[in-house]
Amino acid sequence: EMALVRIGLQPQTGNTLAHSAEVRVSLNVLGSEGDEQFGGNNLTSALAKYLAQQALTQLEAKFGTKVVLPLWHRVGQAPGKRLEQVGYLNWKRLQRYAESLKCQFADLALPARVTVPRLTLQIVVDKTFQAAHVDKLAVPSALLEKVVAARMDLHVRRMQNLLRHAKLQAPDRLLLAGKSTLLPGVHKFLA
């Protein structure tokens, strides 16, 4: 979520800001817009889908046959059947690993890739449920940058819309908040 805020600073009567013991601060929200899920569910879901695709590729190579990887991520609906329940657990597990990857990317000086060492998923092979292990799924930083860039383009357009409505050319300062703003793709996009 983005907010365009005008900050007013008023020093004590007869003083400058530098020489005031007290400064009155006023915040005037000129507008807000954006995607409150940016960096949250959007990036996590994109990484989870990528992990699912890579896991499926690895599992089909390992088993030498078609593998079904049940996934259930329908918002607002509870899984009912066993296949849906397994899919729900798989999706939650993939999201947990994706969130961990996202944090690793934000904490490191842009590694070329981050690896999930081992992931256990429930799959269906020859109409039979079974647990399967996927080893060393690598997520390249270029993938994360691509996902971030797609979201940042939307955010920049929304920021321009906010500025236009407030009849401003550009913000005086741009304050980024949240773990996702530490992702290297965000800073590249705004540089």
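# Close-up views of the chain

**View 1. Asp126 is exposed, with a relative accessible area of 63%.** Welcome to this predicted model, which we enter through a loop. Asp126 sits in the loop between β3 and β4. Its phi is positive, about 50°, although Asp126 is not a glycine. Lys127 belongs to the loop between β3 and β4 as well. There, too, is a residue that is not a glycine but has a positive phi: for Lys127 the value is about 65°. Is Lys127 buried or exposed? With a relative accessibility of 83%, Lys127 counts as exposed, because the cut-off for that word is over 50%.

**View 2. Strands β3 and β4 make a hairpin, with 2 residues between them.** Here we step back from the turn to look at the strands themselves. β3 covers residues 113-125, and β4 covers residues 128-140. The two strands run antiparallel, and 12 bridges join them. To find one place where they face each other, look for Arg118, which stands opposite Asp135 in β4. The turn of this hairpin holds Asp126, with its positive phi of about 50°.

**View 3. Thr128 is a residue of strand β4.** How exposed is Thr128? Its relative accessible area is 41%, so Thr128 is partly exposed; values for that class lie between the 20% limit for buried and the 50% limit for exposed. Now look for Val68, which is 60 residues from Thr128 along the chain. In space, the C-alpha atoms of Thr128 and Val68 are separated by 9.9 Å.

**View 4. Helices α1 and α3 pack against each other at an angle of about 140°.** Helix α1 is made of residues 41-63, and helix α3 of residues 141-165. Two packed helices are described by the angle between their axes and by the distance between those axes. For α1 and α3, the axes are 10 Å apart. Their crossing is right-handed. Which residues of α1 meet α3? They are Asn42, Leu43, Ala46, Leu47 and Tyr50, and on the α3 side the partners are Leu143, Leu144, Val147, Val148 and Arg151. Sorted by class, this contact of α1 with α3 contains 8 nonpolar residues, 1 polar residue and 1 charged residue.

**View 5. Ser45 is a residue of helix α1.** Is Ser45 buried or exposed? Its relative accessibility is 17%, so Ser45 counts as buried, the limit for that class being under 20%. Once neighbours within four places in sequence are left aside, Ser45 is in contact with Trp91 and Gln95.

**View 6. The largest nonpolar core brings together 30 residues.** Within this core, the residues with the most contacts are Leu51, Leu94 and Val139. Which elements each supply at least two of the core residues? They are α1, α2 (82-107), β3, β4 and α3. The largest share comes from α1, with 8 residues. For a look at one member's surroundings, choose Val139: leaving out residues up to four places away in sequence, Val139 touches Leu47, Tyr50, Leu51, Leu101, Phe105, Ala112, Arg113 and Val114. There is also a second core, separate from this one, with 5 residues, among them Met2, Leu4, Met159 and Leu163.

**View 7. Ala3 is found in strand β1, which covers residues 2-11.** Ala3 has a relative accessibility of 51% and so counts as exposed, since exposed means over 50%. Along the chain, Ala3 and Val29 are 26 residues apart, and their C-alpha atoms are separated by 6.9 Å. Which residues does Ala3 touch, not counting those up to four places away in sequence? They are Gly31 and Ser32.

**View 8. The whole chain has 4 helices and 4 strands.** This last view puts the close-ups in context. Starting from the N terminus, the elements follow the order β-β-α-α-β-β-α-α. The chain has 191 residues, and 32% of them are buried. What part of the contacts with a separation of 6 or more joins residues 24 or more positions apart? For this chain, such pairs account for 63% of those contacts.

Notes. Residues numbered from 1 in each chain as written. Predicted model: local features only at pLDDT ≥ 70, side-chain atom pairs only at ≥ 80, totals over all residues. Heavy atoms only, no water. Axes fitted to C-alpha atoms, helices over the stretch in contact; angles between N-to-C directions. Left-handed = near helix turned anticlockwise from the far one by under 90°. Contact = heavy atoms within 4.5 Å. Nonpolar A, V, L, I, M, F, W, Y, C, P; charged D, E, K, R; others polar. Core = buried A, V, L, I, M, F, W, Y, C linked by side-chain atoms within 4.5 Å. Buried < 20%, exposed > 50% of the residue type's maximum accessible area, 1.4 Å probe, protein only. Pairing = 2+ DSSP bridges.
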